[in-house]
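Please go through this briefing with the structure open beside you. The points are grouped by topic.

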Amino acid sequence: MTDTNMARAHLEAGESTIIEFNDVNKWYGDFHVLKNINFSIKKGERIVVCGPSGSGKSTMIRCINRLEEHQKGTILVDGIEMNNNLKNIETIRKDVGMVFQHFNLFPHLTILENLTLAPIWVRKTPKKEAEEMAMHYLERVKIANQALKYPGQLSGGQQQRVAIARGLCMQPRIMLFDEPTSALDPEMIKEVLDTMIELAEEGMTMVCVTHEMGFAKTVADRVVFMDAGEIVEANEPHTFFDNPQHDRTQAFLSQILNH
Amino acid sequence: MAIVFKPSPSLPPPSTSVGAVAWIRQNLLSSPLNIILTMLSLYIMYLTIPPLIEWGIINATWTGSSRAACTGTGACWAFVNTRFDQFMYGLYPSEETWRVNLAAILIVLLVGMFSIKMISKLYLSITITIIYPIVAYFLFAGGIFGLEPVETSRWGGLFLTVLLGTIGIVASFPLGILLALGRRSNMPIAKSICIIFIETIRAVPLITIMFMASVMIPLFLPDGLNFNKLLRVLIGITLFSAAYMAEVIRGGLQAIPKGQYEAADAMGLTYWKSMILVILPQALKLVIPGIVNTFIGLFKDTTLVYIVGMFDLLGIIQLANHDTKWLGTTIEGYVFAAFVYWIFCFGMSRYSMAIERKLETGHKRN
């Protein structure tokens, strides 16, 4: 049994739901971007979300920490409803780390300061402790020797690994990845994916928007396919890739796998 | 066996592209047009610089007690020389000017202490922004500890210029930040107030605001409640440049990518924390040239106080020009004023460039 299989077995033993979408709808002006999303994610589960551009996949995961507001339905994260209550939002954001397509590191701060900012100012961790923790995570993403540099001095792949470490520094229960490898040079994609695979093996709940199908096959517990604001299909990777139920999924897979 | 790839070694650039001769060839003599422009510039410098030096230095008269003492063909610096104290302090009593000097030395020392690592920057900032102004005020105005009271109407000269400029800058900067944040906020009432304030102030000339401050406000205030004219003018100048400052800073805020706001939000930082820790440091750095532009503009705009009967550096020089003993020294007076303003403004400009260099953290990869 591989690590992932063990984790799956662990999941089936009845772990609790950590993220729940109930009839979630969202509009950008008149544009109906999310349509009746019903989906739940269990604790420790690794979800890969894929789909054509404009299908609402980024919007959906950005609703989880309310970078986007939904207009209808409910989203429960860790039992807390995401609504206009600022306190709820703050509580959830402390527990949900996020990695962006364009890294979004703070260019005026060193790598170390990027990592310690949130622990010090949000979690009120003493500076020394925060720095020790930051160095620990930097070592885990194999970049500790760059701690005193500025983000502008690092390559894209290194910056994205720093961004992952920055997310981990808040010791989140959920990590969200919004196309983490889409802005990277081909040579740097692997180093970021390796970091994410390691993280997955430790049992972190992960929701990842990506087109890296290899990553989806090896890591995901479930792959979600979205199109035109709807979840078309969600299945375990081997069913999803070998025996897709929906013709739209088949068309999408043939587009991205056969080139 | 595969061929091992070995990068070729880096070589130094060819000698024709470095050194003084190469620089002259590239920048001054690179094309026929460039050669003509270089010659023309040299000719214009030859025409203007030697006469200026003759007038200003070689043939100038440096000492004397009236215009009659200036017999040479050059500048009559004796005028500036004898009136120097007045230009510096206005009508401030001459035996009390040490108080102004002391305050000036104090602030220079305090600011200089920023370079000492042992001293907490936070405490130093508090000292400078809260304790120092109180000390300086009592030094200037007197009235306690046996210091002879000096009314603000007697404050003048460069002292008044620097006072107005510094307080205007220090007060308008934070106010400008608040206005800029307010104008971009989602709260409709705060937003409207900021927009109305900024647009109203920017639509009115500074002279009008000065007149309002010195003439109109006292009319509306009840009898007996009448606060100092200097203070009213200061408030006017501060509000005026805060409106401009707000727009400069808003430009910086808009230039920060949305991703920075999102990353700060996603971490759970509150609005004020994300502004202070993430957004403002970047936005302000970006608009340092615009901020310093506003500062320099404010510093020079302080000359307008003379129309409400206060004598700053320019005002006191103009006043001195009317002295019958010194008729015909207008040019010298204005050249001196220009020189002093130039020193201050050029200093601010260089200081801002130094700050920009210091804050450069390689956003752009070279």
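Glu262(B) and Arg62(A) form a salt bridge, with their closest N and O atoms 2.6 Å apart. The count of salt bridges between chain A and chain B is 1. The model is a predicted one, and every value here is computed from it.

**Contact between the chains**

- On the chain A side, 25 residues are in contact with chain B, and 21 residues of chain B are in contact with chain A.
- Arg93(A), Phe106(A) and His108(A) stand out: they supply 26% of the area that chain A buries against chain B, more than any other three residues.
- The area buried between chain A and chain B comes to about 2000 Å². Carbon and sulfur atoms give 63% of that area.
- Polar contacts join 6 residue pairs between the two chains, counting pairs with both residues at pLDDT 80 or more.
- Three elements of chain A each supply at least two residues of the side that touches chain B: α3 (86-95), β6 (96-99) and α4 (111-121).
- Of the elements on that side, α4(A) gives the most, with 4 residues.
- By class, the side of chain A that touches chain B has 14 nonpolar, 6 polar and 5 charged residues.

**The second largest pocket**

- This pocket holds about 1200 Å³ of space.
- Its lining is made of 32 residues. Nearest the centre of the pocket lie Arg93(A), Asn186(B), Asp265(B), Tyr271(B) and Met275(B).
- Arg93(A) therefore appears twice: as one of the three residues that supply 26% of the area chain A buries against chain B, and among the residues nearest the centre of the second largest pocket.
- Both chains line the pocket. α3 of chain A supplies at least two residues, and so does each of α6 (157-184), α7 (188-202), α10 (258-266) and α11 (271-286) of chain B.
- α10(B) provides the largest share of the lining, 5 residues.
- The lining residues divide into 15 nonpolar, 7 polar and 10 charged.

**The largest cavity**

- The search for cavities of 30 Å³ or more gives a count of 2.
- The largest cavity encloses about 120 Å³ of space.
- It is lined by 14 residues, and the closest to its centre are Gly97(A), Met98(A), Gly167(A), Ala266(B) and Met267(B).
- α3, β6 and α6 of chain A each supply at least two residues of this lining, as does α10 of chain B.
- The lining of the largest cavity has 9 nonpolar, 2 polar and 3 charged residues.

**The second largest cavity**

- The volume of the second largest cavity is about 40 Å³.
- Its lining consists of Arg140(A), Val141(A), Leu168(A), Thr195(A), Glu198(A) and Leu199(A).
- α7(A) contributes the largest share of this lining, 3 residues.
- These lining residues split into 3 nonpolar, 1 polar and 2 charged.

**Salt bridges in the whole structure**

- Over all chains, the structure has 21 salt bridges.
- One of the residues lining the second largest cavity, Glu198(A), forms a salt bridge with Lys142(A), and the closest N and O atoms of this pair are 3.2 Å apart.
- Why does this pair tie together parts that are 56 residues apart in sequence? Lys142(A) sits in the loop between α5 (127-140) and α6 (156-168) of chain A, whereas Glu198(A) belongs to helix α7 (residues 186-201) of chain A, so the salt bridge links those two parts.

Definitions and conventions: Residues numbered from 1 in each chain as written. Chains lettered and ligands numbered in written order. Predicted model: local features only at pLDDT ≥ 70, side-chain atom pairs only at ≥ 80, totals over all residues. Heavy atoms only, no water. Contact = heavy atoms within 4.5 Å. Buried area = accessible area lost by both parts, 1.4 Å probe. Salt bridge = Lys/Arg side-chain N within 4 Å of Asp/Glu carboxyl O. Polar contact = N/O pair within 3.5 Å; in protein donor to acceptor, adjacent residues only side chain to side chain. Nonpolar A, V, L, I, M, F, W, Y, C, P; charged D, E, K, R; others polar. 1 Å grid on protein atoms, 1.4 Å probe; cavity = no way out; pocket = protein on both sides within 12 Å on 5 of 7 lines; lining within 4 Å. Points joined across faces, edges and corners; volume = space filled by probe spheres on them.
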